[in-house]
Protein chains: 2
Amino acid sequence: MSLVDLSREILPAIEDELKKSLAHPLITDYSLYDMLTYHMGWTGEGAGAQVTGKRIRPLLTILSTMAAGGEWKIALPAAACVELIHNFSLIHDDIQDGSQTRHGRKTVWLKWGEAHAINAGDLMFTLGLACLNRLKDACSDDIVIQAQSILQETCVSLTKGQYLDMVLERAKESTLEDYWVMISGKTGALLAASTQLGALCAGSDQNTQIIFKNYGLNLGLAFQVWDDWLGIWGDAVKTGKSTSSDLISGKKTYPVIYGLSQNGKFATRWRKGPIPLEEVEQIEKYLQEDGAEEATLTKAKELSSEALSALNLASSELPAYQALVELTNSLFHRQR
Amino acid sequence: MSLVDLSREILPAIEDELKKSLAHPLITDYSLYDMLTYHMGWTGEGAGAQVTGKRIRPLLTILSTMAAGGEWKIALPAAACVELIHNFSLIHDDIQDGSQTRHGRKTVWLKWGEAHAINAGDLMFTLGLACLNRLKDACSDDIVIQAQSILQETCVSLTKGQYLDMVLERAKESTLEDYWVMISGKTGALLAASTQLGALCAGSDQNTQIIFKNYGLNLGLAFQVWDDWLGIWGDAVKTGKSTSSDLISGKKTYPVIYGLSQNGKFATRWRKGPIPLEEVEQIEKYLQEDGAEEATLTKAKELSSEALSALNLASSELPAYQALVELTNSLFHRQR
C-alpha cells in the first residue's frame, strides 16, 4: 500500500483521536476550549483541512508502529500526544516570535491576547501528555511509564532548543556545534520521539526503539537542513519572492553558518551588516562560491540516508516501511 | 512531634529533592538553568531562605504520606513535583499579570524577557512532571501512573482556574458560582493534589485518597477565602497601608461578590465605579453592614472545619496528624 492509501485510512483516525483528546469535560463549556480548537484548525474563521497542518508527527508514530510489526490503532493516543505537544510549542513560539499569522490565520495570542495564549498553550501541553495514559487500555503499565519518560525528556530538549534558537537569533555569529544542538532540540527531538513511541507501542525492545528514534532524529535534522536550503535557494525565494530569503532576516541557518566558517567573500560581506533585497542575489553567489550550497545539500542527503538506513535496519513490515521511505523522500522533494 | 520539629527534618530534604529535580544534565550548562534556580530563590541577587517561599505544598504531601501511615521519604519526588508545578504556574502568572516583583525580587520575565520566561516556565512544568517517574524506585508502576494522572487532571484545573481569573478580572460583576469554580482550579486543585499524592505514596486505597484530597481541597478554598478577608480587613491593610486594599484594585474576592449579591449599600456604591483610597474605610463599613465580613469569616471557618474533619477521618499516624492540624490552623492565624 502506498503512503496515500495508508494516509487515507490513518489521518481521519488521528483527527478523531486529537478531537477526543482536547474535549476534556472540565473545559468544553469555556472559550478556553475554543482557543485550542481554533489553533488546531477546526473552528473559527478560515477553519478547514487546508489549515490543520500536515500531521507529519502522528503519521510517523502510526507508520512506525506498523513498520515495527504492531497494531496501529494501539498507538493512536501516542500519535495524538506528539501532535498536541507540537501544537503547544507552536502556540508559545508564536508569542515568543511575535508571529501574527499561522497558515494565513491570526495566531492565538493575536486573537485572544498573550496572557490567554500562554495559558492555552499550557493546557494543550497538559492534554497532550495526558493522552499517554490512554495507552493503558492496550499496553502494559511499563510501556505507559516509558512513554511518559520519553516525552518528558523530549520536552526538556524542546525547551532547550527553543532557548538556543532565541539566543542564536541575537548572536552575531554562531558555530555549527551550536546549530546542531539547537535543531536537535527544536526539530529533531519531537520527530525522534514520534518514531520511538511508534516502536514502543508495537512492543519493540530497547534496541529497536533506539533505531526508530535515530530514524526520526536524522529525518528531523535532514528536514531542517533542507528547510534552510529552501530558505535561500528554494522556488518561493527564487521566483521573485526573494524578500522572504533567510539572508534578509539574518537567520543563522546551516548555509550561513557554514559560509561563515569558510571565511571567504560571504563571511566578509555578512560581517559588515544586514543584507538588503538588492544584494540577495550577489550574496547567494558568494555562498555558492564558498561551497555553502553544496555543503548544505550534501549534509541534507547524508542525514536523509542515515535516516533511511536506520529505517531499513528496523522495519519488519513491508507496506509501512515503503510508506515511511516515501514520506522521508517526499520531505526532500518539497519546494516549500 | 510538633510541626516545627517535623519541618526541621523535612524541609531540607524537600529542598535537596527540588535541586536534584531541576539539575537536568541537558540544561545545567545554559543560562536557561539559571532562570529556574533564580526563580526558586537559590541563585542571583537577593537569593536565600527568605525568598524561597514556604514550600507548603510539598510539606503537605510529605505530612500526608506520614499521616496515612507511609514512609515519608518515598514521597519526596511527588513533593518536588507539586512545588515545581506551583512554581511553573507562578512564572507564567507573573507574565500574565505583568507583575514586576516576587518576594521583593525581579520576576523572571522582567529579568530575561517574556519570551525566555514563557520557555523557562514550560521547562519547569516538564521537570515537575518528570519527578513522578522517580516514584518508580519505591512504588509500583500502577502508583506512578495514578500519580501522573492526578497531576494531569490538576493541571487542567489550574489552567481553567487561571482562565476564569483573567475573565473575571475584566468582568463587571461575578457570581459566587464562578468564584468557587475559579478558586477550586487556581488554588484548590494543586493543594488537593498535594495531599492526595501524599496518601497515594503511602499506598492508600482510593477512598482514603479521596478523603485526603478533600482535606487539601477544603484547605485550599479556606486559605483563599481567608486571603480575601485579609485583603480588606487584614493588619497590613488596617495599619495605614490601605492602598493595598483589594477594594481599590477592584478584585472580585469573596466579600465583594457576597456583598454584591446582597444588593445593599455596598452594591450600590460598587456599581458606580472605582473606589479611591479616601473611600476605602466607608466601603469597608458598608460591606460589614451588608453582612459580607461575617459571611466571609463564617465561610473560611466552615471550609477549615471541613478540611479538619476530612483529616480526622483519614489520619492513622498521630504526630503527622497533629502537625497537619497545626499547619491548617496556622494558615488561619496568619495576618499576611
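In this predicted model, helix α14(A) is followed by A:G291, a residue with a positive phi near 85°. The helix ahead of that glycine spans residues 280-289 of chain A, and its buried residues are A:I283, A:E284 and A:L287. These residues take up an arc of only 105° around the axis, so they sit on the same side of α14(A). Such a pattern fits the basic geometry of an α-helix: with 3.6 residues a turn, residues three or four places apart point the same way. As for what the buried side of α14(A) packs against, the list runs to α9 (206-233), α11 (246-249), α12 (254-261), α13 (265-270) and α15 (292-314), which belong to chain A.

A glycine in chain B gives a view of how one residue is enclosed. B:G259 is found in helix α12 of chain B, which covers residues 254-262. This glycine counts as buried because 28 other C-beta atoms lie within 10 Å. Setting aside neighbours within four places in sequence, the contacts of B:G259 are B:F266, B:A267, B:L287, B:D290 and B:A292. B:P274, 15 residues away from B:G259 along the chain, has its C-alpha atom 15 Å from that of the glycine.

Now for a helix pair in chain B. Packed helices are usually summed up by two quantities, the angle between their axes and the distance between the axes. Helix α8 (residues 176-201) of chain B packs on helix α9 (residues 206-233) of chain B at about 145°, and the axes are 7 Å apart. Their crossing is right-handed. The residues of this contact split into 11 nonpolar, 12 polar and one charged. On the α8(B) side the participants include B:I183, B:T187, B:L191 and B:T195, while the α9(B) side includes B:F212, B:Y215, B:L219 and B:F223. Glycines also take part, among them B:G188 and B:G198 in α8(B) and B:G216 and B:G220 in α9(B).

Turning to the N-terminal helix of chain B, B:E17 lies in helix α1, residues 3-22. It is a buried residue, given that 23 other C-beta atoms fall within 10 Å. Beyond residues up to four places away in sequence, B:E17 touches B:L76, B:P77, B:A79 and B:A80. For one of these partners, B:A79, the C-alpha separation from B:E17 is 8.4 Å, across 62 residues of chain.

The loops hold a backbone oddity. Most residues other than glycine have a negative phi. A:R55, however, has a positive phi near 55° and is not a glycine; this arginine lies in the loop between α2 (31-39) and α3 (56-67) of chain A. Since A:R55 has 19 C-beta neighbours inside 10 Å, it counts as partly exposed. In chain B, the phi of B:R55 is likewise positive, near 55°, and B:R55 sits in the loop between α2 (31-39) and α3 (56-67) of that chain. With 19 other C-beta atoms within 10 Å, B:R55 is partly exposed too.

How do the two chains relate? Chain B superposes on chain A by a rotation of 180° with 0.0 Å of shift along the axis, at an RMSD of 0.0 Å. This is the relation of a two-fold axis. B:D141 is the residue of chain B that comes closest to the rotation axis, with its C-alpha atom at 3.0 Å.

The interface itself brings 36 residues of chain B into contact with 36 residues of chain A. On the chain B side, α4 (76-97), α6 (114-131) and α7 (141-170) each supply at least two residues. The most comes from α7(B), with 15 residues. By type, the residues on this side divide into 18 nonpolar, 13 polar and five charged. Because 100% of the interface residues of chain B are also interface residues in chain A, the copies meet through the same surface.

A:H92 illustrates contacts on both sides of the chain boundary. This histidine is in helix α4 (residues 76-97) of chain A and counts as buried, as 28 C-beta neighbours lie inside 10 Å. Not counting residues up to four places away in sequence, A:H92 touches A:G121 in its own chain, along with B:I118 and B:D122 from chain B. A:N119 is 27 residues from A:H92 in sequence, and their C-alpha atoms are 9.3 Å apart.

Key
Residues numbered from 1 in each chain as written. Chains lettered and ligands numbered in written order. Predicted model: local features only at pLDDT ≥ 70, side-chain atom pairs only at ≥ 80, totals over all residues. Helix = DSSP H or I, 4+ residues; strand = E, 2+ residues; numbered from the N terminus. Buried ≥ 20, exposed ≤ 12 C-beta atoms within 10 Å, placed from the backbone. Contact = placed C-beta atoms within 7 Å. Arc of directions from axis to C-beta. Least-squares fit on C-alpha atoms with pLDDT ≥ 70 in both. Axes fitted to C-alpha atoms, helices over the stretch in contact; angles between N-to-C directions. Left-handed = near helix turned anticlockwise from the far one by under 90°. Nonpolar A, V, L, I, M, F, W, Y, C, P; charged D, E, K, R; others polar.
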